[in-house]
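Me: I've got the model open and I'd like to learn how to read it. Can you walk me through it, starting with how strands pair?

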4 protein chains.
Amino acid sequence: MNFNETKVVVRYAETDKMGVVYHSNYLIYFEIARTEFINQCGMSYRDMEDIGIMIPVLESNCKYMNGAKYNDELTIKAWIEELSAVRAKFNYSIIREKDQKEIARGNTLHTFVDNNFKIINLKKKYPEVMSKLEQLL
Amino acid sequence: MNFNETKVVVRYAETDKMGVVYHSNYLIYFEIARTEFINQCGMSYRDMEDIGIMIPVLESNCKYMNGAKYNDELTIKAWIEELSAVRAKFNYSIIREKDQKEIARGNTLHTFVDNNFKIINLKKKYPEVMSKLEQLL
Amino acid sequence: MNFNETKVVVRYAETDKMGVVYHSNYLIYFEIARTEFINQCGMSYRDMEDIGIMIPVLESNCKYMNGAKYNDELTIKAWIEELSAVRAKFNYSIIREKDQKEIARGNTLHTFVDNNFKIINLKKKYPEVMSKLEQLL
Amino acid sequence: MNFNETKVVVRYAETDKMGVVYHSNYLIYFEIARTEFINQCGMSYRDMEDIGIMIPVLESNCKYMNGAKYNDELTIKAWIEELSAVRAKFNYSIIREKDQKEIARGNTLHTFVDNNFKIINLKKKYPEVMSKLEQLL
């Protein structure tokens, strides 16, 4: 299994009055890791959007185990769990550097659409992009 | 089943380059609805925090069915699915006003903690708050 | 002078570890008020974007006088300070409902551009939109 | 003049329907740079808050010259313009790496307060912190 590790440092704006990262921000961290993970295949997600492939989120699931704090260094692991011609599922795990505790864990399900949000069969319409993504498995 | 309906209008800042609401914002909409729903019990969530009860998110799950756009009016329904002395699970459904289509649907699981993030038995420690929340069932 | 009043309730996600609204969110509040203010002219800002007029921010200035807290009700006043064929300047004042204290005050400067971000002379290119905006003065 | 350079990569969540970074996010970028800049003095901003010194924003001013896009690499320069026992003013300039164009430029004015948001004279109350900050001039 191929995976990627992305580092983020918790921003002040991401904390809330409990003193920890507001929970929806972990979905943003997931996305940063997903973007970097995809970039490894030799084509950035930005390039995909530029040629008309968008990969919106159909579903997100996240478990919050510990509260990350301002200025904490976090490592986000991302990997592909499933990949088909019309869907991709990514998994994530967020680790706090200083004590190696898992902060959050989750997954996101995606589909491939064109600029009009119509689902596309990536394998048929963009076989070369599909094979790039397959290298990430 | 008791439920609540909260209205929001999509903010420009909540959209992304796809032209629709960035997915993590639906978790924020869920929270707005949860807050208003709880406020109905006769004690606001803010008051609960002021006396030392916090209700952090342990888990969130969301399905994204349609993309809400800037300035869309959305109605968020919220209701309690489960309530015990140590946990609460809320359900949500977000409807776009103009066509009554469901935009997103999800749930969040919570626990009750004190200011030191220690889990508390709400029924034992704050029975009057517990009975207020039970009215929301 | 014409002005508009918009209500917002502070969201949990908008607070930070200081326990108050994170400062950049006031710019988002300004925008909500600006949108509602413009909507009064008989054409929504969303409709303007749909026909190819965008009004991006060139400059923002904000003074933060008091810290708004979670669940606080705020009223945002917005009005136009200057309007020309190529620019508009909006002023804002944010009042906390419960004690009528001013929380923040500021302004934003804007220009009119087309979908390619080229500056347009609104009076020449869209005289009917220009006269709608002039009603807001 | 001492300054610091911080790198950020534009996140998808930071873009809006215009396809560029939503303007209030530049204030968040300023803060990331300010934090890193302060950390250089031998004491992190997080440590300052831990001993009871907070440095809230009194005023922010920003000019937006170009629209940064998703995945763009940006460099944020930060430096102190003024420093007194009760106030600090920081300047910022954000450069897009690929073409070295300036994207945004601004400043923030701050005061020093304790945990009760009372203004403190940093030089008198925390002379050692004051002298650390003075090294940043």
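Reply: Two strands pair if DSSP finds at least two bridges between them. Strands here are DSSP runs of E with at least two residues, helices are runs of H or I with at least four, and both are numbered from the N terminus. Strand 2 (residues 57–64) of chain A and strand 2 of chain B run antiparallel and are joined by five bridges. Within that pairing, Lys63(A) stands opposite Glu59(B).

Me: Before we go on, what kind of model is it, and how are things numbered?

Reply: It's a predicted model: local features need pLDDT of at least 70 and side-chain atom pairs count only at pLDDT 80 or more, while totals for chains, interfaces and linings use all residues. Residues are numbered from 1 along each chain as its sequence is written, with chains lettered from A and ligands numbered from 1 in the order in which they are written.

Me: How many residues of chain B are in contact with chain A, and which elements of chain B give two or more of them?

Reply: Call two residues in contact if their C-beta atoms, placed from the backbone, lie within 7 Å. By that rule 17 residues of chain B meet 17 residues of chain A. On the chain B side, helix 1 (25–39) and strand 2 (57–64) are the elements giving two or more residues, and strand 2 has the largest share with eight. Sort that side by class and you get ten nonpolar, five polar and two charged. Here Ala, Val, Leu, Ile, Met, Phe, Trp, Tyr, Cys and Pro count as nonpolar, Asp, Glu, Lys and Arg as charged, and the others, Gly among them, as polar.

Me: What turn and shift lay chain B on chain A?

Reply: The general idea is that two copies of a chain are related by a rotation about an axis and a shift along it. The superposition is by least squares on C-alpha atoms of residues with pLDDT of at least 70 in both copies. For chain B on chain A, the turn is 180 degrees and the shift along the axis 0.0 Å, with an RMSD of 0.0 Å. Asn61(B) has the C-alpha of chain B nearest the axis, 2.2 Å away. The same surface serves both copies, as 100% of the contact residues of chain B recur in chain A.

Me: And how does chain C sit against chain B?

Reply: Eleven residues of chain C touch eleven of chain B. Helix 1 (residues 25–39) of chain C makes the largest contribution to its side, four residues. Chain C also lies on chain B after a turn of 180 degrees and a shift of 0.0 Å along the axis, with an RMSD of 0.0 Å, so the two copies are related as by a two-fold rotation axis. Val8(C) has the C-alpha of chain C nearest that axis, at 5.0 Å.

Me: Which strands are at the edges of the sheet in chains C and D?

Reply: Follow the order of this open sheet of ten strands: 1(C)-3(C)-4(C)-5(C)-2(C)-2(D)-5(D)-4(D)-3(D)-1(D), with antiparallel pairing. Its edges are strand 1 (4–9) of chain C and strand 1 (4–9) of chain D, each pairing on one side only. Six bridges join strand 1 of chain C to strand 3 (residues 73–83) of chain C, where Glu5(C) has Lys77(C) as its bridge partner.

Me: How many residues of helix 1 of chain C are buried?

Reply: Count neighbours: a residue is buried if 20 or more other C-beta atoms lie within 10 Å of its own, exposed if 12 or fewer, and partly exposed in between, with C-beta atoms placed from the backbone. Eleven of the 15 residues in helix 1 of chain C are buried, so the helix is largely enclosed by the rest of the structure. Among them are Tyr26(C), Phe30(C) and Phe37(C).
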